[in-house]
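Trainee: I'm new to this one and would like a guided tour. Let's start with the cysteines and take it from there.

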Amino acid sequence: MQGLLHPSRTMGEGKTLPTYFCRNCENPLAIGEDLISKKFVGASGPAFMFSHAMNVVIGPKIERKLITGSYVVADVMCGNCGEKLGWKYVETFHLKQRYKEGMFNLIDLFGEVDHALKVFDRMAQSVGPRLYSCCNCRNHVGLHDDIISKAFQGRTGRAFLFSHAMNIVVGPKEDRHLLTGLHTVADISCADCNEPLGWKYERAYESSQKYKEGKFIFEKAKIVKEEDW
């Protein structure tokens, strides 16, 4: 087998609907309508850029120098087997690269699962003291510095809006009517224990709500502060 991504197509009335799977464990990762480009380059060769990825674990933010400049990225791993898949663009420093923010670069890389998991664990442990964790298993899921607002409302009450989340699994997209109108969202859950934590805003349909796109809602009841701060 070569590469982590492989497409599966369902035939119907002469049309094809591609879904991309983890090559290692067959976990569905992305759908064809979210594919933006096949002309990117990853650590080992060709890479695909997607506007959304599902059933993946998003790691802590790190600054990394890539071919087109420096970025803040977060490594992305398969939510089922832990295989390293690529990265998510969190922040760009050049105006012409801004379109990449929030996008997923899924690379053609076939690596060692155990090594990828060890690297991921080591990164998660070195994030820093001001952390929020899953209320159920204490898995680190967010940084205090990434909080945008504490004035949001979730299913269970008060909720926080974060610019980034880590060690979570992002589910499939769906349209949902929220208090502020119709949004396309994807539920997020803890990568360790599968506890539902909130959701990710994929798309807002009103101009006043566009700032939420790519951001994460954590239910206050589902997260706890780590360390004494």
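Trainee: How far is the sulfur of C22 from the closest cysteine sulfur?

Mentor: The closest cysteine sulfur belongs to C81. A disulfide needs a pair of cysteine sulfur atoms within 2.5 Å, so this pair is too far apart for a bond, at 3.9 Å.

Trainee: And C78, how far is the nearest cysteine sulfur there?

Mentor: C78 is in no disulfide either. Its nearest cysteine sulfur is in C25, at a distance of 3.5 Å.

Trainee: How many disulfides does the structure hold?

Mentor: We've just seen that C22 is too far from C81 for a bond, and C78 is in no disulfide. Across the structure, the number is zero.

Trainee: What kind of model is this, and what pLDDT do local features need?

Mentor: Residues are numbered from 1 along each chain as its sequence is written, and side-chain values use heavy atoms, with hydrogens and water left out. The model is predicted: totals for chains, interfaces and linings use all residues, side-chain atom pairs count only at pLDDT 80 or more, and local features need at least 70.

Trainee: Are C22 and C78 buried or exposed?

Mentor: Buried means under 20% relative accessible area and exposed means over 50%, with partly exposed in between (1.4 Å probe, protein chains only). C22 has a relative accessible area of 0%, and C78 comes in at 2%. With those values, C22 and C78 count as buried.

Trainee: Which strands sit at the edges of the twelve-strand sheet?

Mentor: Strands here are DSSP runs (E, at least two residues; helices are H or I, at least four), numbered from the N terminus, and two strands pair if DSSP finds at least two bridges between them. The sheet is open and antiparallel, in the order β4-β5-β9-β8-β7-β6-β14-β15-β16-β17-β13-β12. Its edge strands each pair on one side only, and they are β4 (35-41) and β12 (147-153).

Trainee: How many of the residues in β16 are buried?

Mentor: β16 covers residues 196-204, nine in total, and is mostly covered. The buried count is seven.

Trainee: How many bridges does β16 make with β15, and how many with β17?

Mentor: β15 (residues 181-190) runs antiparallel to β16 over seven bridges, with T184 partnered by R203. On to β17 (residues 216-219): this pairing with β16 is antiparallel too, and G198 stands opposite F218. The counts are seven for β15 and three for β17.

Trainee: Which residue of β17 stands opposite L161?

Mentor: β13 (residues 158-162) pairs with β17 in the antiparallel sense, over four bridges. Opposite L161 you'll find I217.

Trainee: Which residue takes a positive phi in the hairpin of β15 and β16?

Mentor: Most residues other than glycine have a negative phi, so a positive one is worth a look. This hairpin has five residues between its strands, and the phi in question is near 70°. The residue is N194.

Trainee: Where does N55 lie, given its positive phi?

Mentor: N55 isn't a glycine, yet its phi is about 55°. Its place is the loop between β5 (46-50) and β6 (56-66).

Trainee: What is the relative accessible area of R138?

Mentor: R138 is found in the loop between β10 (131-134) and β11 (140-143). R138 also has a positive phi, about 65°, although it is not a glycine. It counts as partly exposed, with a relative accessible area of 45%.
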